[in-house]
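Colleague: I should like to learn how to read the features of a structure such as this one. May we take them in turn?

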Amino acid sequence: MRGIPRISRSLLVGVTALLTAAGALAVPASAGPRSDTGVRPVTQAAQERAAAFWTPARMRAAEPLDLLPVSGHRGPAPAKGARTTVPATLPGTTADTGIQAFPHGGGAWTGGGAVVSTAGRVFFTYQGRTASCSGNAVTSANKSTVITAGHCVRMGGAWHTNWVFVPGYHDGQSPYGRWAAARTLSTPQWTASEDINYDIGAAVVAPLNGQSLTDVVGGQGLAFNTGYNLRMYAFGFPAASPYDGEKFIYCSGSTSRDFLLSNDHGMTCNMTGGSSGGPWFTQFNESTGTGLLSSVNSFKYNFLPNRMYGPYFGAEAQNLYQAAQSS
């Protein structure tokens, strides 16, 4: 599998050694100091450089981060609060997409709907190399918020650079433009120790051609504190074999709570590296391509290659969303 190499760390013997990320789950040992604010501001000059940097050729050549081994232990369950939902905001009428397979272990999304424009690929520079993840535009007060995975904004104690969001990406094309991050954010737990239970990130993107992101592509709704064992749809742009990052892929099915090293949701899904940060939706409407973003693609166990895991969206995820939409 092609990917960006990274130095291995010592692993615990047995099951705890067998975690891998869906587009690179970081290992806690090298995380940044706890005094980190969890926010990386980006200068206007850096935003302009990032937007110009990502040519079609560079986007096609960007590699998913390696699927990395990680050791650890099951931490306390994420703090919960009252169930909260945020509705979708759409710039226009959404066409009917037709019916897709449910459950589905992974394949091309052949429908249309809002998800085709709100979801996209995330591109950035990691350790001097070009890399990719996935993300999704959401309803927000600033009309500029993208939700992704924590390791898609920060990894190994360092923030990624040249960060852009390309909604509706396909075949090297940017139909809605390349949106450069004005700031990137992650949960305090991810920033401090790269805790897999809090592998959630966000970006606030700068206006493009005088317009805000969700005025152009729309924004999906969100849901926090939903509980477990739900019907969900997951989307992303996997770029590791057998995928190549050029097509929009989805999985669907009933989820269950991870019983090994995390408190995450789990779903049957064959997406690979590069899909990290792609949205998981509850109450997803196939006819309109809209739903409530309730998790993101995060990691896999290497002995369960067809099962994806995504963090529980509890109080910390909600706090991150509030921080992003109000900044």
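Modeller: The discussion below goes from the overall make-up to a helix, the cores, some strands and the disulfides.

Colleague: What kind of model is this, and how are its residues numbered?

Modeller: This is a predicted model, in which local features need pLDDT of at least 70 and side-chain atom pairs count only at pLDDT 80 or more, while totals for chains, interfaces and linings use all residues. Residues are numbered from 1 along each chain as its sequence is written, and side-chain values use heavy atoms, with hydrogens and water left out.

Colleague: How many helices and strands are there in the protein?

Modeller: The protein has 6 helices and 22 strands; these are DSSP runs numbered from the N terminus, helices being H or I over at least four residues and strands E over at least two. Of the 327 residues, 58% are buried, where buried means under 20% relative accessible area, exposed over 50%, and partly exposed in between, with a 1.4 Å probe and protein chains only. The protein exposes about 11900 Å², of which carbon and sulfur atoms supply 54%; the areas come from the Shrake-Rupley method with a 1.4 Å probe, and for residues only the protein chains shown count as cover. Among contacts (heavy atoms within 4.5 Å) between residues at least 6 apart in sequence, 77% join residues at least 24 apart.

Colleague: Which residues of helix α1 are buried, and why do they line one face?

Modeller: An α-helix has 3.6 residues a turn, so residues three or four places apart point the same way. In α1, residues 44–53, the buried residues are Ala46, Gln47 and Ala50. Seen down the helix axis, the buried residues of α1 fall within an arc of 105°, so they line one face; the arc is that of the directions from the axis to the C-beta atoms. Their cover includes β11 (161–167) and β12 (179–186). Gln44, Glu48, Arg49 and Ala52, on the other side of α1, are exposed.

Colleague: Which residues touch the most other members of the largest nonpolar core?

Modeller: In soluble globular proteins, nonpolar side chains tend to be buried together. A nonpolar core here is a set of buried Ala, Val, Leu, Ile, Met, Phe, Trp, Tyr and Cys residues joined through side-chain atoms within 4.5 Å. The largest one has 56 residues, and Trp163 and Phe235 touch the most other members. Strand β6 (residues 119–126) gives the most to this core, with 5 residues. A second, separate core of 11 residues includes Leu230, Met232, Ala234 and Met271. Leaving aside residues up to four places away in sequence, Phe235 touches several residues, among them Trp109, Phe248, Met271 and Phe284.

Colleague: Which way do the residues of β14 point?

Modeller: In a regular strand the side chains alternate between the two faces of the sheet. In β14 (residues 221–224), Gly221 and Ala223 point one way, Leu222 and Phe224 the other way, and all are buried. Strands count as paired if DSSP finds at least two bridges between them. Strand β4 (residues 84–86) runs antiparallel to β14, joined by 3 bridges, and Thr84 has Phe224 as its bridge partner. Strand β20 (residues 290–296) runs parallel to β14, joined by 2 bridges, with Leu222 partnered by Leu293.

Colleague: What else pairs with β20, and is β19 enclosed or open?

Modeller: β19 and β20 pair in the antiparallel sense over 5 bridges, and Asn285 stands opposite Thr290. Their hairpin has 4 residues between the strands, and Gly289 takes a positive phi near 70°. In β19, 5 of the 7 residues are buried, so the strand is largely enclosed by the rest of the structure.

Colleague: How many disulfides does a search of the whole structure find?

Modeller: A disulfide is a covalent bond between the sulfur atoms of two cysteines. With a cut-off of sulfur atoms within 2.5 Å, the search finds 2. Cys133 and Cys152 have their sulfur atoms 2.2 Å apart; the torsion about their S-S bond is about -80°, so this disulfide is left-handed. The sulfur atoms of Cys251 and Cys269 are 2.1 Å apart, and with 70° about the S-S bond this link is right-handed. Cys251 lies in strand β16 (residues 249–254) and Cys269 in the loop between β18 (265–268) and β19 (279–285), 18 residues apart.
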